[in-house]
Amino acid sequence: MDPSRIIDSFPAPDYRGNQERALRDIRDAFADGNDVVLVRAPTGSGKSLLARSIAGSARTVEEATPAQATDAYYTTPQVSQLDDVAEDDLLSDLKIIRGKSNYNCIIRGEEDTPVDRAPCTRERGFDCSIRHRCPYFSDRAIASNRQIAAMTLAYFMQTAGSDVFRKRDVVVIDEAHGLAEWAEMYATIDLKPRTVPIWDDIGVPDLSEAGDPVERAARFAETLAGVCEREKDELLTKPELTPEEAARRDRLQELRGELNWFVEDYRDPQSPTTWVVDQHDGEGSPIAIKPLDPAKYLKHTVWDRGNKFALLSATILNKAAFCRSVGLDPSNVALVDVGHTFPVENRPLYNVAQGKMTYEHRDETLPKIARLIVRLMAKHPDEKGLIHCHSYAIQAELRRRLAEMGLGNRIHGHDRENRNAELETWKATDRPEVFLSVKMEEALDLKGDLCRWQVLCKAPYLNTNDSRVAQRLEDGQWSWYRRAALRTVIQACGRVVRAPDDYGDTYVADSSLLQLFEKTRHDMPDWFAEQVDRMSKPDLPEFDPVAAGGRGSNAAKGQSGFGGQSRSRSGVGSQPNSSATSGTSSSGSNTASGHSSGGRSRSRSDSSDDGRGDHPLSDVWGE
């Protein structure tokens, strides 16, 4: 790596905001000998351009000896962010490679078949005469030889050990704040009907019935791996498979590898990993086998893949804690802070707390929040809003109550299967609809009039029914627990203001969020602490469903209430207690396409409201 090339590699004609200073600080951090540089850059910093500049400092093939690593990787967990990179002309030299399921076969008669189910994966001895033109293998070949190869983090981790995507000189990870959680998801083994093709043919024991649940899980895993092996071998005796049989074969092979991996690690007395098991409904019910120490998996899948690393995010809140969680030595890691360039007056927080939204208080508080939303809809009659519902249970109850008040015409939502489609429909409308979202705190760009106000319904604490969370809290890791929630809050606040001249209001409806702010004050970036310090209570209209767009109102009749005319804020000089509305961002959802390309794949679950399907990363894995 040549840090002196970082500034010259900046791809835009001009700098914006603090970009030039940030690049100089990053250059100096690498020049000081640090192997890893954490770049804490808020919304609007142009992180993709900073990432491109850092990648441009990688050793080139011309500069290297045959044994030296060259070139760079750019990776991000968010599929939508990779899509943004693909559409940015300033980043056209990043060659993007996606998972096989994102490409269709080009053989005649197979044009609608994804490459991972094409004849080359189904027929024994199939010799594809046009493989050199296959869109997947063509993109992979180009990316493997391009100076900067770009891919999702899931694909990057799955290609660990690949002869095609070998170690490179520089690795840039965008939105890197959740790296430990991604590693945990990568190593988690979900056993349920959707992920185990032979589920109906096996007897699933009650792991808590007697003895150590993890030991019982290991014995069950050994048995299940053997059954998977026999079923897979039976499929391999066929000269040709259907696409469904090919998918079954691949999943059996993946599952066998996952189970054997877990058993081997669990039986290894030298392994530092602590395994925990979740099985909430006893015999015959799904099982999740999870590691508490993901750093081991990051070594092979991430840290062994490069010489120098830049990790970018707005929410790497505590350097020492982050390094511990991902297996880095803090002495080899530098933190570069990038200042916020959006006026704090344009991104106000408002205290509209209605009570606690913990499980035991939710029945009392949620009706109050529904009424609060009605008042906010009346305050913002011509502007689109976003409600962060946190869970599908909260979303369903709010939607029911608002519909009963006659406001169903102004409410839009989604379920687990149509997240992206419904989001895009809502973004495309000019009507001042309010979108009830679940797990859309990240990778959502609602710039300008796409959204002007949002509500945080619940403090986004991790689910204590998750055995990993419970174990860590039992070990006293409360700071980690609070930081995880704060990180999600900061990410959510970034959805509504996307440029220095944008504006948007964020309303805090759960009183637990106020307590969270108090307890995490020392972990906040300065620019977010400034927002919290200026938080005030707004003046709101009285409760009036008609004024909010209910039955009989102009909005319900499709008249001026849905005219799409948004009022403008007085500008950068507005006061923090201004009742003006809020701005948001737009560019894509965090919904990922499902795919597995070698290595370990993950499946999304939508079996329960608090299950993996609701995990903040549930739309990341699978590519």
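1. A salt bridge here is a side-chain nitrogen of Lys or Arg within 4 Å of a carboxyl oxygen of Asp or Glu. With that in hand, welcome to this structure, which is a predicted model. Arginine 122 and glutamate 110 make a good starting point: the closest N and O atoms of the two are 3.1 Å apart, and the pair forms a salt bridge. The two residues sit in distant parts of the chain, twelve residues apart, with arginine 122 in helix H4 (residues 119-122) and glutamate 110 in the loop between strand S3 (94-96) and H4. Are these two partners buried or exposed? Because buried means under 20% relative accessible area, arginine 122 counts as buried at 8%, and glutamate 110 is buried too at 15%.

2. Now for the overall picture. The protein has 623 residues, of which 57% count as buried. Its secondary structure comprises 18 helices and 16 strands. If you take contacts between residues at least 6 apart in sequence, 77% of them join residues at least 24 apart. The structure holds 42 salt bridges, and a few more of them are worth a visit.

3. Take aspartate 250 and arginine 117, whose side chains meet in a salt bridge with an N to O distance of 2.9 Å. Aspartate 250 belongs to helix H9 (residues 243-267) and arginine 117 to the loop between S3 and H4, so this pair ties together parts that lie 133 residues apart in sequence. The partners fall into two accessibility classes: aspartate 250 is partly exposed at 23% relative accessible area, while arginine 117 is buried at 17%.

4. Another salt bridge brings together the side chains of arginine 452 and aspartate 502, at 2.7 Å from N to O. Here the partners come from two loops: arginine 452 is in the one between strand S14 (434-437) and strand S15 (453-456), and aspartate 502 is in the one between helix H16 (478-493) and strand S16 (505-508), so the pair ties together parts 50 residues apart in sequence. Both arginine 452 and aspartate 502 are buried. Elsewhere, shared partners link salt bridges into one network made of Glu184, Asp278, Lys290, Asp466, Arg468 and Arg472.

5. Helix packing comes next. H16 and helix H17 (residues 511-519) have axes 10 Å apart and pack at an angle of about 110°. How are H16 and H17 placed relative to each other? They are roughly perpendicular, because angles of 65 to 115 degrees count as such. Their crossing is left-handed. On the H16 side, Arg482, Ala485, Leu486 and Val489 make the contact, and on the H17 side, Leu513, Leu516, Phe517 and Lys519 do. Sorted by type, the residues of this contact are six nonpolar, no polar and two charged.

6. A second helix pair, H1 (residues 19-31) and H2 (residues 47-55), has axes that come within 11 Å and cross at roughly 35°. H1 passes H2 in a right-handed crossing. If you would like to find the contact on screen, look for Gln19, Ala22, Leu23, Ile26 and Phe30 in H1, which meet Leu49, Leu50, Ser53 and Ile54 in H2. The residues of this contact divide into seven nonpolar, two polar and no charged.

7. Isoleucine 287 deserves a close look. This residue is in strand S8 (residues 287-291) and is buried, with a relative accessible area of 3%. What does isoleucine 287 touch, not counting residues up to four places away in sequence? The list is Ile189, Asp190, Leu191, Val204, Leu207, Phe220, Val277, Asp278 and Gln279. One of these, leucine 191, is 96 residues away in sequence, yet its C-alpha is 5.0 Å from that of isoleucine 287. Asp278, another residue on the list, also takes part in the salt-bridge network of point 4.

8. Finally, two threonines. Threonine 488 is found in helix H16 and counts as buried at 15% relative accessibility. Leaving aside neighbours within four places in sequence, threonine 488 is in contact with Glu441 and Pro460. Threonine 237, by contrast, is exposed, with a relative accessible area of 56%. Threonine 237 lies in the loop between helix H8 (213-236) and H9. The C-alpha atoms of threonine 237 and arginine 124 are separated by 9.4 Å, although the two residues are 113 residues apart along the chain.

Note on methods. Residues are numbered from 1 along each chain as its sequence is written. This is a predicted model: local features need pLDDT of at least 70, side-chain atom pairs count only at pLDDT 80 or more; totals for chains, interfaces and linings use all residues. Side-chain values use heavy atoms; hydrogens and water are left out. Helices (H or I, at least four residues) and strands (E, at least two) are DSSP runs, numbered from the N terminus. Buried means under 20% relative accessible area, exposed over 50%, partly exposed in between (1.4 Å probe, protein chains only). Axes are lines fitted to C-alpha atoms, for helices over the stretch in contact, and angles run from 0 to 180 degrees between N-to-C directions. Angles under 35 degrees count as roughly parallel, over 145 as roughly antiparallel, 65 to 115 as roughly perpendicular and the rest as oblique. A crossing is left-handed if the near helix is turned anticlockwise from the far one by less than a right angle, and right-handed if clockwise. Contact means heavy atoms within 4.5 Å. Ala, Val, Leu, Ile, Met, Phe, Trp, Tyr, Cys and Pro count as nonpolar, Asp, Glu, Lys and Arg as charged, and the others, Gly among them, as polar.
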